[in-house]
Every structure is written in C-alpha cells, then in structure tokens.
Amino acid sequence: MTQEPELFFTRLIGSVPSALFVLVPVFALLLKFAYIETRRVYLEHLVVALYSHAYLCLCFLAICLVQAIGNLFASDSFWAAIPHRAVIIGLLAWMGVYLLWMQQRVYRQHWIITLLKFSVLGALYFMMLITALISLVLTTWVNT
C-alpha cells in the first residue's frame with residue numbers, strides 16, 4: 001500500500017461496485033429490522049435499498065464529473081479551486097439530506113424517530129461498507 005498508493009486507490013475505487021452489489025440486500029435487511037413494526041415485506045425494503053444505492057451512485061458520478069472538470073481548469077491558486085469544491089461539498093451534504101427525507105417519506109414516521117433510525121442505519125452501513133471495501137481490496141491484492 002505504501003509502495004504503490006495509486007494502485008491501492010485504483011483497486012479501492014474498482015471494488016466499490018462489488019461492495020455496493022453485496023450490500024444492497026444487507027441494507028434491505030437492516031431496513032426490515034429497523035421498520036419491523038410497519039409490517040412491510042422484505043421486497044419493499046429491497047426496493048428502497050435499490051433506489052438509495054442508485055441515488056448514491058448518481059451522486060458519486062456527479063462528484064467525479066465535477067472533480068474532473070475542476071481538474072481541467074486547475075491552477076495552483078487556492079481561490080480558483082473553491083467553486084468546484086463548494087459544488088462537491090454541496091453534493092455530499094445533499095446526499096444525506098435527500099436520503100433522510102426519502103426515508104421519512106417512505107416509512108412515514110416522526111422526524112425524530114426517522115433521524116434516529118437514519119443515524120443508526122447510516123453508521124452500521126458505513127462500517128459494513130468499509131469492511132467490504134477493505135476485504136475486497138485485500139482479496140484482489142492477494143490474488144495478484
């Protein structure tokens with residue numbers, strides 16, 4: 001990792017689709033447990049998980065495009081990089097806001113309960129995502 005950081009980063013980014021593919025049904029299961037009182041079937045939670053992941057992938061695509069466009073017009077000036085960094089920060093912030101809003105609209109619970117469940121699910125999902133990414137990177141690293 002320290003000898004070839006660019007290769008590590010490339011493999012990390014390359015393992016994201018596999019990790020997301022594996023985590024969609026796991027996230028749906030987490031939603032099922034978090035909203036067990038709604039008596040929704042697993043398939044409904046799976047649809048919510050798929051929409052959430054599709055939205056996240058679109059946001060990450062937009063972030064990559066903004067970064068690429070920012071790199072085209074890059075200069076050494078700190079002030080020149082502010083516009084595209086502001087757009088990236090805005091996109092990152094909007095990702096969380098939209099997902100919270102979507103979760104509240106789908107499951108129709110009070111905002112405080114939704115925020116609590118959103119925070120717990122988000123923390124669990126983030127830990128699972130990091131674990132899956134590291135596992136995939138290490139697996140591909142060992143196999144080569």
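Let's start with a lysine: Lys-117 is buried, at a relative accessible area of 17%. Hold on to that residue, please, as we'll come back to its partner shortly. What you have above is a predicted model, and I'd like to walk you through it.

First, the overall picture. The protein has four helices and zero strands, so the order of elements from the N terminus is simply α-α-α-α. Along the principal axes, the C-alpha atoms fill a box of roughly 55 × 40 × 20 Å. Of the 144 residues, 28% count as buried.

How confident is the predictor? The mean pLDDT of the protein is 86, and 90% of the residues reach 70 or more. Confidence is lowest in α1, with a mean of 83, and highest in α3, at 92. As a general reminder, where pLDDT is low, the predicted coordinates should not be read in detail.

Now back to our lysine. Which residue does Lys-117 meet in a salt bridge? The partner is Glu-37, with 2.9 Å from N to O. Glu-37 sits in the loop between α1 and α2, while Lys-117 belongs to helix α4, so this pair ties together parts that are 80 residues apart in sequence. The two ends have their own surroundings: Glu-37 is partly exposed, at 44% relative accessibility, and Lys-117, as I said, is buried at 17%.

The count of salt bridges comes to two. The other pair is Glu-44 with Arg-40, where the closest N and O atoms are 3.9 Å apart. For a salt bridge the cut-off is 4 Å, so that pair is within it. Glu-44 is partly exposed, with a relative accessible area of 36%, and Arg-40 is partly exposed too, at 25%.

Let's stay around that loop between α1 and α2 for a moment. Arg-39 lies there, and it has a positive phi of about 60° although it is not a glycine. In general, most residues other than glycine have a negative phi. Arg-39 is exposed, with a relative accessible area of 76%.

There is another arginine to show you. Arg-108 also has a positive phi, about 50°, and again it is not a glycine. You'll find Arg-108 just after α3, in the loop between α3 and α4, the latter being residues 111–143. Is Arg-108 buried or exposed? It is exposed, at 62% relative accessible area.

That brings us to α3 itself. This helix covers residues 82–107, which is 26 residues, and at 1.5 Å a residue it should span 38 Å. The C-alpha atoms at its ends are 38 Å apart, which agrees. Several of its residues are buried, among them His-84, Ile-88, Met-95, Leu-99 and Leu-100. Towards the end of the helix, the buried set also includes Met-102, Gln-103, Gln-104 and Tyr-107.

Over to the surface. Leu-29, Phe-33, Ile-36 and Tyr-42 form a nonpolar patch, with about 400 Å² of accessible area together. Of these, Ile-36 is in the loop between α1 and α2, where α2 covers residues 42–72. Ile-36 counts as exposed, at 53% relative accessibility.

A quick word on α1, which covers residues 5–34 and holds Val-22. Val-22 is partly exposed, with a relative accessible area of 48%. The C-alpha atoms of Val-22 and Leu-129 are separated by 9.5 Å, although the two residues are 107 residues apart along the chain.

Finally, the cysteines. How many disulfides does a search of the whole structure find? Zero. Why is Cys-57 not bonded to Cys-59? The sulfur of Cys-59 is the closest cysteine sulfur to that of Cys-57, but at 9.5 Å it is too far for a bond. The view from Cys-59 matches: the closest cysteine sulfur is the one in Cys-57, again at 9.5 Å. As for their surroundings, Cys-57 is partly exposed, at 39% relative accessibility, whereas Cys-59 is buried, at 6%.

To pull it together: we have a predicted model with four helices, two salt bridges and zero disulfides. Thanks for listening, everyone, and I'm happy to take questions.

Terms used:
Residues numbered from 1 in each chain as written. Predicted model: local features only at pLDDT ≥ 70, side-chain atom pairs only at ≥ 80, totals over all residues. Heavy atoms only, no water. Disulfide = S-S within 2.5 Å. Buried < 20%, exposed > 50% of the residue type's maximum accessible area, 1.4 Å probe, protein only. Helix = DSSP H or I, 4+ residues; strand = E, 2+ residues; numbered from the N terminus. Expected span 1.5 Å × (residues − 1). pLDDT = per-residue confidence, 0-100. Patch = residues over 30% accessible without salt bridge, like charges linked within 9 Å, V, L, I, M, F, W, Y side chains within 5 Å. Areas by Shrake-Rupley, 256 points an atom, 1.4 Å probe, with all protein chains shown as cover. Salt bridge = Lys/Arg side-chain N within 4 Å of Asp/Glu carboxyl O.
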